[in-house]
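Here is a short tutorial on reading a protein fold. A learner asks and a teacher answers.

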Amino acid sequence: MNDQTDPVALSPQQAWELMQQDPRSVLVDIRSTMEYLFVGHPKGAVHVPWIDEPDWEVNPNFVTEIRKLMLGGVACANDSGCAPVILICRSGKRSLEAGRALLDAGLKNVYHVDEGFEGELDEEHHRSTLGGWRFHGLPWEQC
């Protein structure tokens with residue numbers, strides 16, 4: 001059992017810095033396929049949805065898919081620890097939940113972007129105005 005119950009929260013800038021410092025790190029966009037494709041996503045992010053259409057249920061293969069990305073744990077070297085897994089969603093809520101599932105399954109070195117890709121809603125019910133990956137001008141792309 002893992003002692004850590006929550007993934008380590010990172011600001012978008014801290015996540016970007018970690019990715020630059022540790023090239024083994026993997027940024028996983030866990031939003032739905034529609035969000036990933038049409039709203040945009042961080043450049044270099046791998047897409048593994050936590051909850052997706054059409055049923056909007058938690059992906060029963062999420063942990064397995066992340067383990068595959070991390071080569072089943074082979075990315076954990078004795079001298080340098082496990083490769084960082086950084087989760088990002090829209091505003092940081094789903095990534096926190098998904099990160100907890102990874103930690104419960106025994107994965108280590110799990111992070112989540114606490115502002116997400118778009119941040120929280122502002123007074124006008126718009127996103128990307130108060131925070132998030134895009135708000136901070138970090139590299140992103142759209143399909």
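The dialogue below goes through a predicted model.

Q: Where do I start with the interior: which residues of the largest nonpolar core touch the most other members?
A: In soluble globular proteins, nonpolar side chains tend to be buried together. Here the largest nonpolar core has 18 residues. Those touching the most other members are V28, I30, F62, I66, V85, L87 and L102. Four elements give two or more residues to this core: β2 (26-29), α3 (62-69), β9 (85-88) and α4 (93-104). The most comes from α4, with 3 residues.

Q: What does F62 touch, leaving out residues up to four places away in sequence?
A: F62 touches I30, V48, P49, W50, L87, A98 and L102. There is also a second, separate core. That one has 13 residues, including A15, L18, M19 and Y111.

Q: How many residues does α4 have, and what is its reach from first C-alpha to last?
A: The helix α4 has 12 residues. Its reach is 17 Å, close to the 16 Å expected at 1.5 Å a residue.

Q: Which residues of α4 are buried, and what do they pack against?
A: The buried set is R94, S95, A98, G99, L102 and L103. These residues pack against α2 (33-39), α3, β9 and β10 (110-113). Just after α4, G106 takes a positive phi of about 100°.

Q: Is S32 buried or exposed?
A: Buried means under 20% relative accessible area. S32 has 2% relative accessibility, so S32 counts as buried. S32 sits in the loop between β2 and α2. Beyond four places in sequence, S32 touches H47, I51, D52, E53, W56 and R94. One of these, R94, is also among the buried residues of α4.

Q: Backbone geometry next. Which residues are joined by a cis peptide bond?
A: Most residues other than glycine have a negative phi, and most peptide bonds are trans. In this model, a cis peptide bond joins E53 and P54, with omega about 5°. P54 is in the loop between β5 (51-52) and β6 (57-58).

Q: What is the phi of W56, and what is that of S128?
A: Phi of W56 is near 55°, a positive value in a residue other than glycine. W56 lies in the loop between β5 and β6. S128 is not a glycine either, and its phi is positive at about 65°. S128 lies in the loop between β10 and β11 (140-141).

Q: Now a polar side chain. Where is H41, and is H41 buried or exposed?
A: H41 belongs to strand β3 (residues 41-42). Its relative accessible area is 3%, so H41 is buried.

Q: Which backbone oxygen lies 2.9 Å from a polar atom of the H41 side chain?
A: That of Y36. Leaving out residues up to four places away in sequence, H41 touches D29, R31, Y36, F117, W140, E141 and C143.

Q: Last, the cysteines. How many disulfides are there?
A: A disulfide is a covalent bond between the sulfur atoms of two cysteines. The count here is 0 disulfides. C89 is in no disulfide, and the nearest cysteine sulfur, that of C143, is 18 Å away. The cut-off is 2.5 Å, so that pair does not qualify.

Q: Which of C89 and C143 is buried, and which is exposed?
A: C89 has a relative accessible area of 1%, so C89 is buried. C143 has 62% relative accessibility, so C143 counts as exposed.

Terms used. Residues numbered from 1 in each chain as written. Predicted model: local features only at pLDDT ≥ 70, side-chain atom pairs only at ≥ 80, totals over all residues. Heavy atoms only, no water. Buried < 20%, exposed > 50% of the residue type's maximum accessible area, 1.4 Å probe, protein only. Polar contact = N/O pair within 3.5 Å; in protein donor to acceptor, adjacent residues only side chain to side chain. Contact = heavy atoms within 4.5 Å. Core = buried A, V, L, I, M, F, W, Y, C linked by side-chain atoms within 4.5 Å. Expected span 1.5 Å × (residues − 1).
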